[in-house]
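Hi there,

Here is the structure I promised to pass on to you. Have a look at it first, and then read on for my notes.

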Amino acid sequence: MIDAHGKESIVRQRYAAGAKEHADKLCCSVEYESVYLKVIPREVIERDYGCGDPSHYLREGETVVDLGSGTGKICFIAAQIVGPKGRVIGVDMTDEMLEVARRNAPIVAERVGYTNVEFRKGRIQDLALDLELLDQRLKQKPIRDSVSFLAADELAEELRMKHPLIASDSIDVVVSNCVLNLVEPKSKRQSFEEIFRVLKKGGRAVIADIVSDEQVPEEMQNDPELWSGCISGAFTEEGFLAAFEHAGFYGIQILKRDVNPWRTVRGIEFRSVTIEAFKGKQGECFERNQAVIYRGPFKDVLDDDNHRMERGRRYAVCDKTYNLYKKAPYREFFEFVDPIVDVPLAEAKPFNCWHTALRHPKETKGQDYRLTSEPKSQCCDGGSCCW
Ligand SMILES: C[S@@+](CC[C@H](N)C(=O)[O-])C[C@H]1O[C@@H](n2cnc3c(N)ncnc32)[C@H](O)[C@@H]1O
């Protein structure tokens, strides 16, 4: 059986070799947008080990982290999409990958006319620890015995706190392309917690990875070739979505799922999916007399805070849920009903989010609302359907 450290070493060795020359069997063919490839040097494009294109979902001005950035292709595409007002940070643990990415960064910067990409050395399950900084300090105080080992452990903790590789709540979008499957099993959960930690409230993860349609058996997980080849460490399709849910994300959805498997091994299909998930459902709930109506087309829906809503009915929601629903990915599915008399947030009382209640129209209009009005000349928001 290969232990956790063994799995990570195998991955490092295989991708160190893959950084020097193109390695077969390490990637699916992906159609990146050709307009962005023009400025990217050939060796970067040739040593592509991705399985999807998370950069496709980025927007101008965003601060992006790419986990397991390899030779930097997704970072260099992202740099052009987010533009000079945005920033891109690639993180990888393999020196040879970082060397290729860093050597090509100034070439891309010159071609696009600005510098907004950098590459940092770290493990995606521990995005606080800057491995280059740790290496520097360990040169001054090498580990020789148990005492210096414990001191090094403390040093690592101090670096995480005082000089984090990626600070908490600092990133708009975390992307990754074919990397989470390579994280050894014990650290997989921590990788999701780290993605969650570094994102700002309202930020999102867009992750492309290989998933399996059945659980991968133990003997396949102990095959070094299959492990480092993005096969044996794959989540199941439902396990991948559940990992985002357990880390506290909401609005999780499959943006892309390849119909055809990339590989089939012993009857198990391995295919690429791209998932989007949002951070920001945590926080206090306040009552501002707001209501929402689920528009359909499904008969009912259940969100990540366990609000179940039937199509067409008017539900009471707290201010936090109301504002979450007003944004992607929910916005298009809801109608929003504001109270006639606004309840300022500073005066709002706590809202009980544990059960989903209907909201009578009188609550939004006010119990004493008795208006009778003449027909409006335009009944349909600017149209002329009444005349
Ligand atoms: C399959 S390649 C994908 C590279 C790149 N994302 C692309 O699209 O070409 C996996 C990359 O993730 C890096 N990697 C694997 N496990 C890692 C970990 N735990 N922490 C940081 N980097 C990791 C490897 O060094 C390698 O560069």
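Which atom of the ligand does a backbone N or O atom of Asn-177 lie 3.0 Å from? In this predicted model, the partner of Asn-177 is a nitrogen atom of the ligand. When the ligand is taken alone, 590 Å² of it is exposed, and the protein buries 99% of that area.

Asn-177 has company on the backbone side. A polar backbone atom of Ile-124 is 3.0 Å from a nitrogen atom of the ligand. For Tyr-49, a backbone N or O atom is found 2.9 Å from an oxygen atom of the ligand. Tyr-49 also appears among the residues that come nearest to the ligand, together with Gly-68, Asp-92, Thr-94 and Gln-125.

Around the ligand there are 23 residues. Sorted by class, this shell is made up of 11 nonpolar, 8 polar and 4 charged residues. As for the space that the ligand takes up, it is the largest cavity.

Moving on from the ligand, Glu-287 is worth a click in your viewer. Glu-287 belongs to strand 10, which covers residues 286–287. Its side chain comes within 2.8 Å of the backbone nitrogen of Asn-289. If you set aside the neighbours within four places in sequence, Glu-287 is in contact with Val-343, Ala-348, Lys-349, Pro-350, Phe-351 and Arg-359.

Here are some backbone details, all in loops:

- Gly-296 and Pro-297 are joined by a cis peptide bond, with omega at about 15 degrees. Pro-297 sits in the loop that runs between strand 11 (290–294) and strand 12 (300–302).
- Another cis peptide bond leads from Ala-328 to Pro-329, and omega there is near 10 degrees. You will find Pro-329 in the loop between helix 12 (319–325) and strand 15 (334–337).
- Asp-169 is a residue other than glycine with a positive phi, near 55 degrees. Its loop lies between helix 7 (146–162) and strand 4 (171–177).

Happy browsing, and do write back with any questions.

Best wishes

Key. Residues are numbered from 1 along each chain as its sequence is written. This is a predicted model: local features need pLDDT of at least 70, side-chain atom pairs count only at pLDDT 80 or more; totals for chains, interfaces and linings use all residues. Side-chain values use heavy atoms; hydrogens and water are left out. A residue is near a molecule or strand if one of its heavy atoms lies within 4 Å of it. A polar contact is a pair of N or O atoms within 3.5 Å; within protein, one must be able to donate a hydrogen and the other to accept it, and residues adjacent in sequence count only if both atoms are side-chain atoms. Accessible areas come from the Shrake-Rupley method with a 1.4 Å probe; for residues, only the protein chains shown count as cover. On a 1 Å grid over the protein atoms alone, a cavity is a set of points where a 1.4 Å probe fits but cannot get out, and a pocket is an open set with protein on both sides within 12 Å along at least five of seven lines; lining residues have an atom within 4 Å of a point. A molecule sits in a cavity or pocket if more than half of its atoms lie within 2 Å of its grid points. Ala, Val, Leu, Ile, Met, Phe, Trp, Tyr, Cys and Pro count as nonpolar, Asp, Glu, Lys and Arg as charged, and the others, Gly among them, as polar. Helices (H or I, at least four residues) and strands (E, at least two) are DSSP runs, numbered from the N terminus. Contact means heavy atoms within 4.5 Å.
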